[in-house]
Amino acid sequence: MEADLLITTYNRPEALEAVFMSIGRQTVMPHKIIVADDGSGEETAALIKKYQSIFDIELVHAWQEDKGFRAAESRNNGLAYVESPYVIIVDGDMLMGKYFIQDHLFFAERGRFIQGGRVMLTEEKTRELLRVLDAKRTFQYLEKGVESRLEKKITAFRSIFLAQLTQQKLTNKRKVRSCNMSFFMDDILRVNGFNNEFVGWGREDSEFVERLNNAGVKGKLLKFSLLAYHLYHKEETRASLPQNDELLNKTIENKLVRCDDGLSKFLK
């Protein structure tokens, strides 16, 4: 089975280039790379054009006008370009371990979507990495600056055996993080993708997962695999949470499966 890779980004080209470099190290390459761009400037466009000539596979720049934080709509814009039966979604500041795509495909299961974790990099480690980009850069889980939390450091190495042994259902909504997830595309189509009504940071991924659950598609939480290293950045403002919580609660209370304003807006 093939998978397309969807990367979300906004005006952080140095991080996006580090992500592109981590794609080049994959043991299994995606069928297509799609950058879902929430309104970045010319520097990002130039970077993507550069890597379109470097990669042997198709690299699509799905850009939308900058009208504030519109991650849901940006993802839908990108999802409209997916051709493979399976899609992996990552943020544009997640550096993928070399088995990342291979592991997502290994654990893919009908009736399930996958939620992976993230290994946090310190601010100092992030500055060091972005100062001099290195296409051959890899990480060791005991390396300084790679995950400061002990409970997370324990799971920051790859073991398929331990991943199979510890995998669990995704029941805690606070564990939903669209920075590292994968889905069968027909499940996404079934719920009409993300809800474009979400504007501003927060809850668009939780609401999407809620509708998948209502459609009978359950989440699978994995550790010890799908390793990806999250570059440090300042947190987004939470100002939009009240209105986004209202949208999420509406979906929960009404057990909605589809959103009206979703992926279909971008499909031909």
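The expected span of a helix is 1.5 Å times one less than its number of residues. Helices (H or I, at least four residues) and strands (E, at least two) are DSSP runs, numbered from the N terminus. The model is predicted: local features need pLDDT of at least 70, side-chain atom pairs count only at pLDDT 80 or more, and totals for chains, interfaces and linings use all residues. Residues are numbered from 1 along each chain as its sequence is written, and side-chain values use heavy atoms, with hydrogens and water left out.

**Exercise 1. Check the span of helix α2 (residues 42-54), then work out which side is buried and which is exposed.**

Step 1: α2 has 13 residues, so at 1.5 Å a residue it should span 18 Å. Its end C-alpha atoms sit 19 Å apart, which agrees.

Step 2: look for buried residues (under 20% relative accessible area; exposed is over 50%, partly exposed in between, with a 1.4 Å probe and protein chains only). In α2 you'll find Thr44, Leu47, Ile48 and Tyr51 buried. They cover an arc of only 95° around the axis (taken from the directions from the helix axis to the C-beta atoms), so they lie on the same side of α2.

Step 3: flip to the other side of α2, and Glu42, Lys49 and Ser53 are exposed.

Step 4: see what covers the buried residues of α2; β1 (3-9), α1, β2 (32-37) and β3 (58-63) are among the elements doing that.

**Exercise 2. Find which residues touch the most other members of the largest nonpolar core.**

Step 1: a nonpolar core is a set of buried Ala, Val, Leu, Ile, Met, Phe, Trp, Tyr and Cys residues joined through side-chain atoms within 4.5 Å.

Step 2: the largest core holds 45 residues, and Ile7 and Phe20 touch the most other members. Helix α1 (residues 13-24) gives this core its largest share, seven residues.

Step 3: list the contacts (heavy atoms within 4.5 Å) of Phe20. Skipping residues up to four places away in sequence, Phe20 touches Ile7, Val35, Leu47, Ile48, Tyr51, Phe55 and Leu59.

Step 4: don't miss the second, separate core of 28 residues, which includes Ile34, Leu79, Val82 and Leu221.

**Exercise 3. Place Thr155 and list its contacts.**

Step 1: Thr155 sits in the loop between α6 and α7 (160-166).

Step 2: leave aside neighbours within four places in sequence, and Thr155 is in contact with Lys223, Phe224 and Leu227.

Step 3: for Tyr232, 77 residues away along the chain, the C-alpha separation from Thr155 is 19 Å.

Key
Contact = heavy atoms within 4.5 Å.
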